[in-house]
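Me: I should like to work through a protein model by question and answer. Please take the charged pairs to begin with and the strands after that.

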Amino acid sequence: MANPKPFVRIASCTAGALALAVAAITLWPGLPAGGAEAKKAAAPAGAPAAPQGRVLAFEKVKISDETYESAAAFDVNNDGTLDIVCGAWWYPGPKFDKKCPVAQLKPAGDYYNDFATIPIDANGDGYTDFVTGGWFDKTLRWRENPKGDPAKEWPDHVISTAGSVECAMGCDLDGDGRPEIVPNLPGQPQRVFKLVVDAAGKGTGQFSEHVVWDGKAGHGLGCGDVNGDGRPDIILAKGWLEAPGKPFGGAKWTLHEEFDLGSACIPIIVADVNGDGLADLIVGQAHPYGLDWYEQRMEGGKRKWIKHPIDPFNSQYHALIWTDIDGDGKPELVTGKRRHAHRNGDPGDADPAGVYYFKWTGEGFAKQVIDYGFGPAGKGCGIYFWVGDIDGDGRADVVAPGKDGLVLYRNLGFPKPPGK
C-alpha cells in the first residue's frame with residue numbers, strides 16, 4: 001500500500017489558559033511514551049548561536065484509512081524496530097506500508113470492540129501481546145502475538161466479561177515492574193486484573209481479578225499518587241481510591257469523594273502542576289467541551305481541589321498523554337479530539353478536529369497545534385493513541401488513530417531559519 005505524499009506542518013502557538021506539570025506513576029499507554037533530548041547540530045567555535053524556532057514541526061504521514069480508534073507502537077516481530085498495531089492490522093516498521101492481520105473485527109455501528117492497545121507479554125514467550133476491550137461485547141481480552149508471523153492472526157483470550165469497557169489503562173499498582181490492567185467500566189464496580197506469573201516471573205496467560213471498590217464507576221479513570229504516600233491510587237470521576245499498603249491482599253481501598261470530574265477522560269493525569277509538592281489532576285471532558293486542571297490544596301488538614309481551565313473551547317478530549325515531546329526535559333500535555341466520539345451526539349461534534357500539545361510556560365499554557373481542520377484537512381487522536389520515538393531519532397512522535405484514519409506525525413524538531 002503506497003502512502004500518499006506527506007506534508008510538513010509546523011505546530012502553531014495560540015494563547016493558552018492556565019497550568020500543568022509532572023506525573024509520578026508508571027503507566028503503560030502504549031509502551032515507550034517519552035521523548036528523548038532532540039539532536040542538536042554542533043556550531044563552529046566562537047560562532048553566534050543561530051536562531052531556532054520554538055515550536056515543533058511535524059510531518060503528517062497517512063498510514064491507513066481504517067477507522068479503528070485505538071493504536072500503539074511496539075516491536076511485534078522482535079527485529080528491533082517499532083511497529084504500529086491498530087485494530088485489525090499491524091504495520092511493520094520502519095516504513096509502515098504493509099498490512100498484516102491481527103483479528104477480524106466486526107463493526108458495531110460506528111465502532112469496533114477495540115478500545116485500548118496495552119502492550120504486555122501475557123504468556124511469557126518473549127513476544128509482546130496486547131490487551132484491549134470492547135464496549136458492545138462487554139469483554140476485556142488479550143490478543144496473543146503469533147511470534148511475529150506477518151501472515152497469522154492473533155489468537156483471542158478472554159480476561160473478563162464484567163461489563164462494557166470504555167477504555168483501559170496499564171498501571172503498575174503494586175510496584176513489581178509489570179502493569180496491572182485497569183479498565184473503565186461505567187456503572188460497574190472498579191476492578192483490577194493482575195497478570196499471573198510463574199516462578200521465573202514470566203506471564204502465564206492468566207489474570208487474577210481484584211474488585212477494589214464495589215460502587216458504580218463513572219466515566220473516567222486515572223492512576224497516580226494523590227496523597228504523597230508513595231503508593232499509586234486510582235482516580236474515578238467522583239473521587240479517588242486510596243491504595244492500601246498491599247493493594248491486592250483484600251485490604252480496603254478508601255474512596256475520597258472530593259470532586260466531580262464530569263464525563264472525564266481516560267487517563268486522568270496525576271501531576272504536580274504548580275511545583276508545590278502536591279499532586280494535581282489534569283482532566284479532559286471526553287464528550288462535552290472542556291480541558292482543565294484541578295489544583296490540590298491542603299487547608300487546615302483538609303484537601304481541596306481548585307479547577308483551572310486549560311481549553312474550554314474544544315470538546316471530546318477523550319485521551320491524554322503527559323510526556324516530554326519537545327526534548328527540553330519537561331513534560332507537555334499531548335491530546336486531541338476523539339472525532340465523532342458519539343457521532344452527531346456530542347457538543348462540538350461538527351467542530352474541526354485537532355491534535356495538540358500544551359506547554360507549561362511557568363504561568364499558564366501555550367497551545368501548540370500539531371494538526372487542525374475540517375474533514376481530511378484535520379485529525380483527531382481517537383480513544384487510545386501513542387507518543388514515543390518511533391524512528392530512533394531521539395524525538396517523540398505521535399501515532400493517532402480514529403474514525404478519521406490512522407496517521408503518524410513524525411517529529412522533525414524545531415525548524416531552522418532559511419538557508420541554515
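**Salt bridges and strands in a predicted model**

Me: How many salt bridges does the count come to in this predicted model?
Reply: The model is a predicted one. A pair is counted when a side-chain nitrogen of Lys or Arg lies within 4 Å of a carboxyl oxygen of Asp or Glu. By this rule the count comes to 29 salt bridges.

Me: Which residue meets the side chain of Arg410 in a salt bridge, and in which strand does that partner lie?
Reply: The N to O distance in this salt bridge is 3.9 Å, and the partner of Arg410 is Glu59. The pair links distant parts of the chain, with the two positions 351 residues apart in numbering and Arg410 placed in strand β30 (residues 406-413). The partner, Glu59, lies in strand β3 (residues 57-64).

Me: Is Arg410 buried or exposed?
Reply: The relative accessible area of Arg410 is 17%. Buried means under 20%. Arg410 is therefore classed as buried.

Me: What is the N to O distance between Lys194 and Asp176, and where do the two residues lie?
Reply: Lys194 belongs to strand β14 (residues 190-197), whereas Asp176 is in the loop between β12 (167-171) and β13 (180-184). They are 18 residues apart, and the pair links distant parts of the chain. Their side chains meet in a salt bridge with an N to O distance of 2.7 Å.

Me: Which class of accessibility applies to Lys194, and which to Asp176?
Reply: The cut-off for buried is under 20% relative accessible area, exposed is over 50%, and partly exposed lies in between. Lys194 has a value of 17%, so Lys194 is buried. Asp176 has 29%, so the class of Asp176 is partly exposed.

Me: Which residues are linked with Lys194 and Asp176 in a network of salt bridges?
Reply: The bridge between Lys194 and Asp176 belongs to a network. The other residues linked in this network are Asp174, Arg178 and Glu180.

Me: Which residue forms a salt bridge with Arg303, and what is its relative accessible area?
Reply: Arg303, in strand β23 (residues 302-309), is paired with Glu258, which is in the loop between β19 (254-256) and β20 (269-271), 45 residues apart. The closest N and O atoms of the pair are 3.3 Å apart. Arg303 is partly exposed at 21%. Glu258 is also partly exposed, with a relative accessible area of 27%.

Me: How many helices and strands does the protein chain have, and what percentage of its residues is buried?
Reply: The protein chain has zero helices and 30 strands. Among contacts with a separation of 6 or more, 55% are between residues 24 or more positions apart. Of the 420 residues, the buried share is 56%.

Me: What percentage of the accessible surface belongs to carbon and sulfur atoms?
Reply: The accessible surface of the protein chain comes to about 16800 Å². The share of carbon and sulfur atoms is 53%.

Me: Which strands are at the edges of the open sheet β16-β17-β18-β19?
Reply: This sheet of four strands has antiparallel pairing, and its neighbouring strands are turned by 25° against each other on average, direction ignored. Within the sheet, three bridges join β17 (residues 233-236) to β18 (residues 239-242), and Leu236 stands opposite Gly239. The edge strands, each pairing on one side only, are β16 (222-224) and β19.

Me: Why is strand β26 described as largely enclosed, and which residue in β27 is the bridge partner of Phe358?
Reply: Six of the eight residues of β26 (residues 353-360) are buried, so the strand is largely enclosed by the rest of the structure. β26 pairs in the antiparallel sense with β25 (residues 332-336) over four bridges and with β27 (residues 365-373) over eight bridges. β26 and β27 form a hairpin with four residues between them, and Gly362 in the turn has a positive phi of about 105°. The bridge partner of Phe358 is Lys367.

Me: Why do β4 and β7 each have one side without a neighbour in the sheet, and what is the bridge partner of Trp90 in β7?
Reply: The open sheet of four strands has the order β4-β5-β6-β7, with antiparallel pairing. β4 (71-74) and β7 (100-101) stand at its edges with a single partner strand each, so one side of each is left without a neighbour in the sheet. Two bridges join β6 (residues 89-91) to β7. In β7, the bridge partner of Trp90 is Cys100.

How values were computed. Residues numbered from 1 in each chain as written. Predicted model: local features only at pLDDT ≥ 70, side-chain atom pairs only at ≥ 80, totals over all residues. Heavy atoms only, no water. Buried < 20%, exposed > 50% of the residue type's maximum accessible area, 1.4 Å probe, protein only. Contact = heavy atoms within 4.5 Å. Areas by Shrake-Rupley, 256 points an atom, 1.4 Å probe, with all protein chains shown as cover. Pairing = 2+ DSSP bridges. Axes fitted to C-alpha atoms, helices over the stretch in contact; angles between N-to-C directions.
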